[in-house]
Amino acid sequence: MTEIVRLAAADLTADQDGLADLLLDAVADGASIGFLDDLDRTEAARWWLQYEDALAAGHRLSWIARDPGGRIVGTVSLVLGDKDNGRHRAEVVKLMVHRDARGQGLARRLLDTAERAAAAASATLLLLDTRTDSPAERLYHSAGWTPYGLVPGYAADPDGTLASSTFFYKTLA
């Protein structure tokens, strides 16, 4: 079974190649996660390393999913609110599952992990956005998230085509 573990800042360098592979796979599959088709391995690895300080400080919590062979096949991050009037909020970001690991409920498990951690951190409101009409949008609907807006042309897909994004929130008990 795929194991989900919290990513420690100290492990980020050791895991950067596996995380870069995951990011490159998501972009190659057309995921609208902030990158264009010209993303290369060096840039993908560097992107992950920029979060080392935030992970170490606990402002960003990240988890990785490893298959039985140890390969990173999924990830999700939670960015905790840093403003005095927003410490009750957190944002779920960069939920990714490798194409080889889809269809096994891993995205749902990663999302559940982030939601439980948010509750443990006293967050009562979660936010996220995703490409409209994507498999991710269907996941969030089925997981009890509430859409609160759709913005046409919000972000470019990896091929540069502008796509709509749907914004969601979830209130935690």
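In this predicted model, seven strands form an open sheet. Their order is β1-β2-β3-β4-β5-β7-β6, and the pairing is mixed. The edges of the sheet are β1 (residues 3-6) and β6, each of which pairs on one side only. Direction ignored, neighbouring strands are turned by 25° against each other on average. Within the sheet, β3 and β4 run antiparallel and are joined over six bridges. Thr75 stands opposite Met96 of β4. Helix α5 lies across β4, β5, β6 and β7 (162-171). The direction of α5 makes an angle of about 150° with that of β5.

Pockets were examined next. The largest has a volume of about 810 Å³. Its lining comprises 33 residues, of which Ile33, Leu95, Thr130, Ala136 and Tyr140 are the closest to the centre. Five elements each supply at least two lining residues: β4 (89-97), α4 (106-120), β5 (125-131), α5 (135-142) and β6 (146-156). The largest share comes from β4, with seven residues. By residue class, the lining of the largest pocket divides into 18 nonpolar, nine polar and six charged residues. Two of the contributors to this pocket, α5 and β4, are also in contact with each other, as α5 lies across β4.

The second largest pocket has a volume of about 190 Å³. Val79, Leu80, Gly81, Asp82, Lys83, Gly86, Arg89, Ala90, Glu91 and Leu127 line this pocket. Two or more of these residues come from each of β3 (72-80) and β4. Strand β4 again gives the most, here three residues. The lining of the second largest pocket holds four nonpolar, two polar and four charged residues. Strand β4 is thus the main contributor to the linings of the largest pocket and the second largest pocket. The two elements named for the second largest pocket, β3 and β4, are also paired strands of the sheet.

Enclosed space was also searched for. The whole structure contains one cavity of 30 Å³ or more. The volume of this largest cavity is about 30 Å³. Leu7, Leu12, Trp48, Tyr51, Leu55, Arg60, Ser62 and Ser77 line the cavity. Five of the lining residues are nonpolar, two are polar and one is charged.

Two single residues were then considered. Thr2 is located in the segment before β1. Thr2 counts as buried because its relative accessibility is 13%, below the 20% limit for that class. Leaving aside residues up to four places away in sequence, Thr2 touches Ala65, Arg66, Asp67, Val73, Leu106 and Arg109. Among these partners, Val73 falls within β3 (72-80), and Leu106 and Arg109 fall within α4 (106-120).

Leu24 is found in helix α1, which spans residues 12-28. Leu24 has a relative accessible area of 22% and is therefore partly exposed, a class that lies between the limits of 20% and 50%. With residues up to four places away in sequence left out, Leu24 is in contact with Leu39, Asp40, Arg41 and Ala44. The C-alpha atoms of Leu24 and Asp37 are 8.9 Å apart, with their positions 13 residues apart in sequence when counted from one to the other.

Methods: Residues are numbered from 1 along each chain as its sequence is written. This is a predicted model: local features need pLDDT of at least 70, side-chain atom pairs count only at pLDDT 80 or more; totals for chains, interfaces and linings use all residues. Side-chain values use heavy atoms; hydrogens and water are left out. On a 1 Å grid over the protein atoms alone, a cavity is a set of points where a 1.4 Å probe fits but cannot get out, and a pocket is an open set with protein on both sides within 12 Å along at least five of seven lines; lining residues have an atom within 4 Å of a point. Grid points are joined across faces, edges and corners, and a volume is the space filled by probe spheres set on the points. Helices (H or I, at least four residues) and strands (E, at least two) are DSSP runs, numbered from the N terminus. Ala, Val, Leu, Ile, Met, Phe, Trp, Tyr, Cys and Pro count as nonpolar, Asp, Glu, Lys and Arg as charged, and the others, Gly among them, as polar. Two strands pair if DSSP finds at least two bridges between them. Axes are lines fitted to C-alpha atoms, for helices over the stretch in contact, and angles run from 0 to 180 degrees between N-to-C directions. Contact means heavy atoms within 4.5 Å. Buried means under 20% relative accessible area, exposed over 50%, partly exposed in between (1.4 Å probe, protein chains only).
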